[in-house]
Amino acid sequence: LISDPRVNFVLEKSTSSTGMTHAGIQVENEEELNQVFDRMKSAEMPYLEEGMTNCCYHKSEKSWTNDPDGLPWEAFLTHHQTEDRGSDNIELPACCQ
């Protein structure tokens with residue numbers, strides 16, 4: 001996690017495809033999360049509110065959308081780390097595949 005500019009860049013081995021699978025926006029607090037969610041909803045693209053989830057050793061609240069080129073984007077707020085990684089085969093929501 002780089003602090004200025006704020007970037008969280010993660011590379012993971014994918015078993016299902018090559019190339020970039022999705023992009024994400026990580027926020028610091030609930031207020032920022034709600035602002036990003038509102039912008040995603042107003043973009044007139046597919047939108048999925050996933051809610052609380054356990055993924056990549058973190059408990060996070062997240063939602064998904066696609067950009068105009070079809071790339072899935074997640075917006076999330078991490079609440080805390082967990083002992084459990086969550087799914088080893090992270091599946092993108094149906095709206096964002």
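Start by selecting T78 and S60: their side chains make a polar contact at 3.2 Å. The model on screen is a predicted one. The tour sets out from this pair.

**Stop 1: T78**

Stay on T78. The residue lies in strand β6. T78 is partly exposed, and its relative accessible area is 25%. The cut-off for buried is under 20%, so T78 at 25% does not qualify.

Show what surrounds T78. Setting aside neighbours within four places in sequence, T78 is in contact with Q26, H58, K59 and S60. Now add N54. The C-alpha atoms of T78 and N54 are 9.7 Å apart, with their positions 24 residues apart in sequence.

**Stop 2: the whole chain**

Zoom out and colour by secondary structure. What is the order of the elements from the N terminus on? The elements run β-β-β-α-β-β-β. That makes one helix and six strands.

Switch to a surface view. The accessible surface of the protein chain comes to about 6900 Å². Carbon and sulfur atoms hold 49% of that surface. The protein chain has 97 residues, and 26% of them count as buried.

A contact map adds another view. Take the contacts between residues at least 6 apart in sequence: 51% of them join residues at least 24 apart.

**Stop 3: strands β4 and β5**

Select residues 58–66, which form strand β5. Is β5 mostly covered or mostly uncovered? The strand is mostly covered, with seven of its nine residues buried.

Add residues 47–55, strand β4. The two strands pair in the antiparallel sense, over eight bridges. For one position in this pairing, pick T53: the residue opposite in β5 is S60. S60 is also the partner of T78 in the polar contact at the start of the tour.

**Stop 4: the salt bridge**

Select E74 and K62. They form a salt bridge, and the closest N and O atoms are 2.9 Å apart. The pair links distant parts of the chain: E74 sits in strand β6 and K62 in strand β5, twelve residues apart. How many salt bridges are counted here? The count comes to one.

Check the cover on each partner. E74 has a relative accessible area of 9%, so E74 is buried. K62 counts as buried too, at 6% relative accessibility.

**Stop 5: D67**

Move to D67, in the loop between β5 and β6 (72–81). D67 is buried yet has no salt bridge. Which side chain of opposite charge is nearest to D67? It is R39, and R39 is 13 Å away.

Look at the backbone next. The backbone nitrogen of D69 lies 2.9 Å from a polar atom of the D67 side chain. Then show the contacts: not counting residues up to four places away in sequence, D67 touches M45 and W73.

**Stop 6: L77 and V27**

Return to strand β6 and select L77. L77 has a relative accessible area of 6%, so L77 is buried. With residues up to four places away in sequence left out, L77 touches V27, E28, N29, E30, L33, K59, S60 and E61.

Pick V27 from that list. L77 and V27 are 50 residues apart in sequence, but their C-alpha atoms are 5.4 Å apart in space. V27 has its place in the loop between β3 (23–26) and α1. Is V27 buried or exposed? V27 counts as buried, because its relative accessibility is 6%.

Expand the selection around V27. Leaving aside neighbours within four places in sequence, V27 is in contact with E32, L33, V36, F76 and L77. Then draw a distance to T78. The C-alpha atoms of V27 and T78 are 8.0 Å apart, across 51 residues of sequence.

**Stop 7: E44**

Finish on E44, in the loop between α1 (30–42) and β4. E44 is exposed, with a relative accessible area of 75%. Check its backbone: phi of E44 is near 60 degrees, a positive value in a residue other than glycine.

Note on methods: Residues are numbered from 1 along each chain as its sequence is written. This is a predicted model: local features need pLDDT of at least 70, side-chain atom pairs count only at pLDDT 80 or more; totals for chains, interfaces and linings use all residues. Side-chain values use heavy atoms; hydrogens and water are left out. Helices (H or I, at least four residues) and strands (E, at least two) are DSSP runs, numbered from the N terminus. Buried means under 20% relative accessible area, exposed over 50%, partly exposed in between (1.4 Å probe, protein chains only). Contact means heavy atoms within 4.5 Å. Accessible areas come from the Shrake-Rupley method with a 1.4 Å probe; for residues, only the protein chains shown count as cover. Two strands pair if DSSP finds at least two bridges between them. Lys and Arg count as positive and Asp and Glu as negative; His and the chain ends are not counted. A salt bridge is a side-chain nitrogen of Lys or Arg within 4 Å of a carboxyl oxygen of Asp or Glu. A polar contact is a pair of N or O atoms within 3.5 Å; within protein, one must be able to donate a hydrogen and the other to accept it, and residues adjacent in sequence count only if both atoms are side-chain atoms.
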